[in-house]
Amino acid sequence: MLKGHQSWLFENKPFIRSTATVVGPFEGRGPLAKDFDIVHGESMMGQKSWEKAEKALIEEAAKLAIENAGLTKEQVQFYIGGDLMNQIISSSFAARTLSIPYIGVFGACSTSMESLALAANLVNSGSAKFVLAGTCSHDSSAEKQFRYPTEYGSQKPPTAQYTVTGAGAAIVSMEGDGPVVTSATIGRVIDMGIKDPFNMGAAMAPAAVDTIEAHVRDLGIEPGYYDLIVTGDLAKVGYEIACKLFKKHNFPIEQTEYSDCGMMIYDYETQMVQAGASGCGCSAVVTYGHLLNRMRRGELKRILVVATGALLSPISFQQGESIPCIAHAVSIEAGREIL
Amino acid sequence: MANNIKKNLTRVQQEYKELAQSVEPPRPILKNFIRAFIAGGAICLVGQAIQEMFVHWGGFDEKKAGDPTVAVMILLSVILTSMGVYDKFAQWAGAGSAVPVTGFANSMASAAIEHQSEGMVLGVGGKMFKLAGPVIVFGTVAAFAVGIVHLLIKGGGGS
C-alpha cells in the first residue's frame, strides 16, 4: 500500500523466512566473521575467473537460503537479484543455474534493499508465496571492471573503499516466522556533482539522507522509532558527511543509533581498507548476517536499513560525468516469536 | 580549470562540494613523499647492485651492463606481481614503486594476468597494453616534440 509520497507499507506483514550469507577470506578475518554462514578460504572459490567466482558466491547463498527456509527451488516463485557486473551477469547466470523465474534489477550497491523491497511487495500483494532476493559483489571483479587490474600497483587515496567479496540472500514469504518487513521507501536519484570514483561515500551520502528523511516523513514517524538506522556503504567519509547533513537539516538522528555497514565489516586497525567497505555484498551480508542475528537474539527490535548505490559506469566517469546516486530503505522489525 | 568545474555546478552542489571537502581526509603528502623516496631509492639501489654484479662477475663493461640489469629488474617485478606482492608494496610505496622499469613491467604483467580469462588474443594480447599503452604513445609523441625542438636549435645531423 502506498504511504506518503514514495513509501510502501506492508500491511500483510511479509517475513524474512530465512537468510544466507557467503563471504571471502578477507571478510572472514573481519570482526563480523562469526555472523556469516560460509567463509571461503580462497578468493577464487575454486573458479577460473573473478566473474565466475562472484557467480559462485550468489549461487551458493541462494541455494543455502532456500535450504534454510526448508523449501526446494521449485517452490520459490521468483528470484529478484542484481549485482555490479556489466549486464548483471552474476545474478542472471546464477538464475540460469537456479532456473527460478527471474527479475533482474540494477541499483548498484543499493540492490540488496531494492530487491528486498520488491520481494516484500510481491509477497504482500499476493503475487507470490516465496520470493528469493539476493545480491553479490567481489572485490577483484569490481576492481577489474571499474578500476585497475587487481595486481597493478597503484596507491589508493584515504577516501577509497574496499569492495566486499560476499553474497547475501533472503527468502521472503507470508508463511513462517522471522523478522517482519514492515515498510520500504524507494529513493530518488541524487547527484551532488561529485566526480571522484575514489570517493563514493561523499557521492552517496546525500542520497542516503534524502531517503531517510523521506521515509520518516512518509510514515509519519520519528527517527527514534528505530533502535538502529544503518546506511549501506558510505564508509567513514560518507558517514561523517551524512551526520553533518542531518544536523544542517535539523533532522533528529540523535534519537536513534545511526551506523554504517561499510564501517562494521572490516577492522580498520589490521585490514588495509582506507575509508571502509562498499559493494552490493556489503549491506547484504551485514544485514542478513550480523543485523538479523542481533535481531534474532533480541538485541534489536526495529531497524531501518538504507542501502546506498552509486549509479556510475566505467565509461561515464572517464567521460567526466558526475556520479548519480540512490538509496533504498527497508524497515525490518522483530517477528512475533520474539515479541 | 578548477573554476571551470565549479561553474557547471549549481549553488547547492557547490555548497555540498565544500562540505564534502571539509570532511575528506587529505592525502598524507609528506608521508607519501618520504615513502616514495625510500622505496624508489631502494629499487634503484637494487638495480645498481645488480649492475655492479654484472660488471664485476659478468664480464660486462659499464655501458653494456645496463641491458641485462634492466632485464633482471623486469623479471623481479613480474615475479613479484604474479605473487600478488607488488600491489601491496605499491599501496605503501606510492610513486616510489612507479619508477620506470619495475612499474612499467608491473602495469603490463598485471593487465596480462587479469585479462587472461578473456583468452590469449583478445585478453592477454589485446589488454596487456591497457595501462602501458598510453605511456608509450605519449612518450613517443613527447620524444617527437623534443626532437623537433632539438632540430630547430642545434640543426640536423644528430650527435
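Let me begin with a salt bridge in chain A, where Asp210(A) pairs with Arg188(A) and the closest N and O atoms are 2.7 Å apart. Asp210(A) sits in helix α6, residues 200-219, while Arg188(A) belongs to the loop between β10 (180-185) and α6 of chain A, so the pair ties together parts that are 22 residues apart in sequence. The two partners have their own surroundings: Asp210(A) counts as buried at 17% relative accessibility, and Arg188(A) counts as partly exposed at 48%. I should say at this point that what we are looking at is a predicted model, and please keep that in mind for every distance I quote.

Over all chains, the search of the whole structure finds 12 salt bridges. One of these joins the side chains of Glu143(A) and Lys156(A), at 2.9 Å from N to O. That pair links distant parts of the chain, with Glu143(A) in helix α5 of chain A and Lys156(A) in the loop between α5 and β8, 13 residues apart. Here Glu143(A) is buried, with a relative accessible area of 8%, and Lys156(A) is buried as well, with a value of 18%. Another salt bridge brings together the side chains of Arg294(A) and Glu299(A), at 3.1 Å from N to O, and in that case Glu299(A) is partly exposed, with a relative accessible area of 45%.

Let me stay with helix α5 of chain A. How many of the residues of this helix, 139-146, are buried? The count is 8 of the 8, so the helix is largely enclosed by the rest of the structure. Among those buried residues are Asp139(A), Glu143(A), Lys144(A) and Phe146(A). As for what they pack against, the list takes in α2 (50-68), β7 (130-137), β8 (161-163) and α9 (314-318) of chain A, together with α6 of chain B. Lys144(A) also takes part in a network of salt bridges that links it with Glu51(A), Glu118(B) and Lys127(B).

That brings us to the interface itself. In terms of contacts, 33 residues of chain B meet 33 residues of chain A. The two chains bury about 2,800 Å² between them, and 61% of that is on carbon and sulfur atoms. On the chain B side, Tyr16(B), Gln91(B) and Glu114(B) lose the most area to chain A, and together they account for 26% of what that side buries.

Turning to polar interactions, the count between chain B and chain A is 2 salt bridges, and there is a salt bridge between the side chains of Lys248(A) and Glu15(B), at 3.4 Å from N to O. Across the same interface there are 14 residue pairs in polar contact, both residues being at pLDDT 80 or more. Which helices of chain B each supply at least two residues of the side that touches chain A? They are α2 (11-23), α5 (86-93) and α6 (100-114), and α2(B) gives the most, with 8 residues. By class, this side of chain B is made up of 14 nonpolar, 12 polar and 7 charged residues.

Next, a word on the cysteines. The count of disulfides over all chains comes to 0. Cys280(A) is in no disulfide, and the nearest cysteine sulfur, that of Cys109(A), is 5.0 Å away, whereas the cut-off for a disulfide is 2.5 Å. Cys280(A) is buried, with a relative accessible area of 0%, while Cys44(B), at 46%, counts as partly exposed.

I will finish with two individual residues, one from each chain. In chain B, Thr69(B) lies in helix α4, residues 66-82, and is buried, with a relative accessible area of 7%. A polar atom of the side chain of Thr69(B) lies 2.6 Å from the backbone oxygen of Ala65(B). Leaving aside residues up to four places away in sequence, Thr69(B) touches Gly47(B), Ile50(B), Gln51(B) and Phe54(B).

In chain A, Gly28(A) is found in helix α1, residues 25-28, and counts as partly exposed at 24% relative accessibility. With residues up to four places away in sequence again set aside, Gly28(A) touches Val23(A), Ala33(A) and Val39(A). Gly28(A) and Gly41(A), 13 residues apart in sequence, are 8.1 Å apart in space, taken from C-alpha to C-alpha.

Conventions
Residues numbered from 1 in each chain as written. Chains lettered and ligands numbered in written order. Predicted model: local features only at pLDDT ≥ 70, side-chain atom pairs only at ≥ 80, totals over all residues. Heavy atoms only, no water. Buried < 20%, exposed > 50% of the residue type's maximum accessible area, 1.4 Å probe, protein only. Contact = heavy atoms within 4.5 Å. Buried area = accessible area lost by both parts, 1.4 Å probe. Salt bridge = Lys/Arg side-chain N within 4 Å of Asp/Glu carboxyl O. Polar contact = N/O pair within 3.5 Å; in protein donor to acceptor, adjacent residues only side chain to side chain. Helix = DSSP H or I, 4+ residues; strand = E, 2+ residues; numbered from the N terminus. Nonpolar A, V, L, I, M, F, W, Y, C, P; charged D, E, K, R; others polar.
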